[in-house]
Amino acid sequence: MFSVLFSPNILANNSRVFFLKKKFSKLSWEDIRNDYSLHEDFINLESGYYNIVPKPTLDSFYSHVNNLNIEGSYFMRNKMKDRSKIINKKLSKFLGCPEDELVVTRNTTESLDLIISGYPWKKNDHVIFAHQDYGSMKDMFYQVSKRYGINYDIVSIPNNPKDDQEIINIYKNKINDKTKMIFVSHMINITGQILPIKKICKMAHQHQVEVLVDGAHCVGHFSFKISDLGCDYYGSSLHKWLATPLGLGILYVAKKKISKIWPLLASNIKSDNDIMRFDHKGTNPFHNQMAIENALEYIDKIGLSRKESRLRDLHTYVKKKLKHNKKVYFNSPSDSERYCGILNLGIKKISPEKLEKILFDRYKIFTVSINEKGVKGCRVTPNVFTNYKELDIFISSINKITNEIS
Ligand SMILES: Cc1ncc(COP(=O)(O)O)c(C=O)c1O
């Protein structure tokens with residue numbers, strides 16, 4: 001018996017099974033939390049700006065910095081191009097789009113501003129965007145409006161739409177015969193609301209209007225394929241929910257639209273249909289791009305749909321626990337299909353700025369205040385390292401704050 005149980009063959013098989021299990025099973029939430037160096041002085045509930053990087057990705061990144069500094073120009077001249085192709089291939093597979101419609105950029109701002117500033121605008125062309133869109137892109141529309149004489153309509157998206165059609169109609173009602181483009185956020189950053197991009201694109205294309213999508217918060221946050229959306233242009237930041245080092249983003253341009261956009265930095269690529277005409281960046285920190293592969297490996301160990309469910313569950317947990325507190329209101333949608341990790345809530349009679357300050361000064365919880373028309377509250381953004389214990393501290397802090405107001 002003894003010899004059967006402990007025969008070297010069985011031991012070898014068992015350890016192989018253990019090794020395979022370890023290799024192919026997903027990380028537990030505790031393992032994931034341990035993969036992060038978290039600040040000891042406060043609870044980080046502000047992963048909306050960017051995501052801090054887990055240690056495995058960070059270690060690989062440091063070694064890329066080191067190796068690049070040894071290989072120097074030799075790497076840049078002989079290896080960078082091929083490495084870049086490998087990274088692009090893996091990234092396009094993750095994003096669900098063809099490789100020849102994707103380039104790596106520095107961030108969403110660069111990706112979207114490249115399209116807005118490089119579009120062949122003519123005087124009196126018309127665009128539609130929303131109050132809830134990100135400021136930098138709105139600023140670029142104001143700039144091209146001054147530069148080329150284009151007109152715009154700014155719509156407003158309700159925090160709790162009745163259905164998708166309500167949102168589609170908001171854009172549709174503003175389309176006129178000069179409308180060239182709708183600029184729309186896939187996820188509104190201040191409330192976390194996810195918009196029905198596929199349906200908006202379908203409607204827009206029926207009116208020969210192109211769609212530029214701001215997906216800053218979507219890549220690595222929840223599951224979707226860019227190609228399924230049917231949009232013309234898509235920009236995102238990888239340093240947000242893919243948790244790459246800072247300074248990485250993507251730009252997707254549908255094949256048939258590549259030739260019409262002027263690159264931000266002129267390139268020596270001869271063909272106007274080649275996506276690489278948007279890739280020219282000058283000398284840049286390529287070790288950043290190398291870490292994309294590591295970030296992809298890490299998210300694979302978590303599982304993207306598992307991450308999406310977890311983030312949505314964390315959001316729902318806070319909402320459920322605070323639902324009965326009559327002094328608390330939510331700026332994020334109630335319908336769970338319209339939100340994921342990002343949550344925005346406010347307390348009646350307390351300004352967003354004051355709430356942010358009380359949470360940090362008194363309870364050591366880091367959030368960010370948002371004080372915009374229709375959205376007054378604190379944005380609370382958990383991450384894969386957030387646990388329910390931290391959320392319980394947040395919930396009890398909110399209850400204590402509301403107990404103190406009359
Ligand atoms: C909706 C949205 N768009 C664009 C951006 C800009 O992203 P980046 O600063 O990475 O370019 C942000 C940043 O938070 C955002 O929330």
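Helices (H or I, at least four residues) and strands (E, at least two) are DSSP runs, numbered from the N terminus. The structure is a predicted model, in which local features need pLDDT of at least 70, side-chain atom pairs count only at pLDDT 80 or more, and totals for chains, interfaces and linings use all residues. Residues are numbered from 1 along each chain as its sequence is written.

A good place to begin is the loops. Lys349 sits in the loop between strand E10 (343-347) and helix H14 (352-363). Its phi is near 70°, a positive value in a residue other than glycine. Most residues other than glycine have a negative phi. Lys349 is exposed, with 10 other C-beta atoms within 10 Å; a residue counts as exposed if 12 or fewer other C-beta atoms lie within 10 Å of its own, as buried if 20 or more do, and as partly exposed in between, with C-beta atoms placed from the backbone. Asn124 belongs to the loop between helix H7 (108-118) and strand E3 (126-130). For Asn124, phi is near 75°, again a positive value in a residue other than glycine, and this residue is exposed, with 10 other C-beta atoms within 10 Å.

Next come the sheets. Seven strands form an open sheet with mixed pairing, in the order E2-E8-E7-E6-E5-E3-E4; two strands pair if DSSP finds at least two bridges between them. Strand E2 (102-105) and strand E4 (151-155) stand at the edges with a single partner strand each, so one side of each has no neighbour in the sheet. From one strand to the next, the twist averages 15°. Within this sheet, strand E5 (residues 179-185) and strand E6 (residues 210-214) run parallel and are joined by five bridges, with Val184 opposite Val213 in E6.

Four strands make up an open sheet with antiparallel pairing, ordered E9-E10-E13-E12. Its edge strands, E9 (328-330) and E12 (368-372), each pair on one side only. Here the twist averages 35° from one strand to the next. E12 and strand E13 (residues 375-380) run antiparallel and share five bridges; Ser369 has Cys378 in E13 as its bridge partner. H14 lies across E10, E12 and E13, running at about 175° to E12; axes are lines fitted to C-alpha atoms, for helices over the stretch in contact, and angles run from 0 to 180 degrees between N-to-C directions.

The seven-stranded sheet also has a helix across it: H6 lies across E2 and strand E8 (249-253), at about 110° to E2. Helix H6 (residues 80-95) packs with helix H12 (residues 286-302) at an angle of about 40°, their axes 10 Å apart. Met80, Ile87 and Phe94 are among the H6 residues that meet H12, where the partners include Phe286, Met290 and Leu296; residues are in contact if their C-beta atoms, placed from the backbone, lie within 7 Å. The residues of this contact divide into eight nonpolar, two polar and three charged. Ala, Val, Leu, Ile, Met, Phe, Trp, Tyr, Cys and Pro count as nonpolar, Asp, Glu, Lys and Arg as charged, and the others, Gly among them, as polar.

Finally, there is the ligand. The residues around it are Asn107, Thr108, Thr109, Tyr134, Ser185, Asn189, Asp214, Ala216, His217 and Ser237; a residue is near a molecule or strand if its C-beta atom, placed from the backbone, lies within 6 Å of it. This shell divides into two nonpolar, seven polar and one charged.

Technical notes. Contact = placed C-beta atoms within 7 Å.
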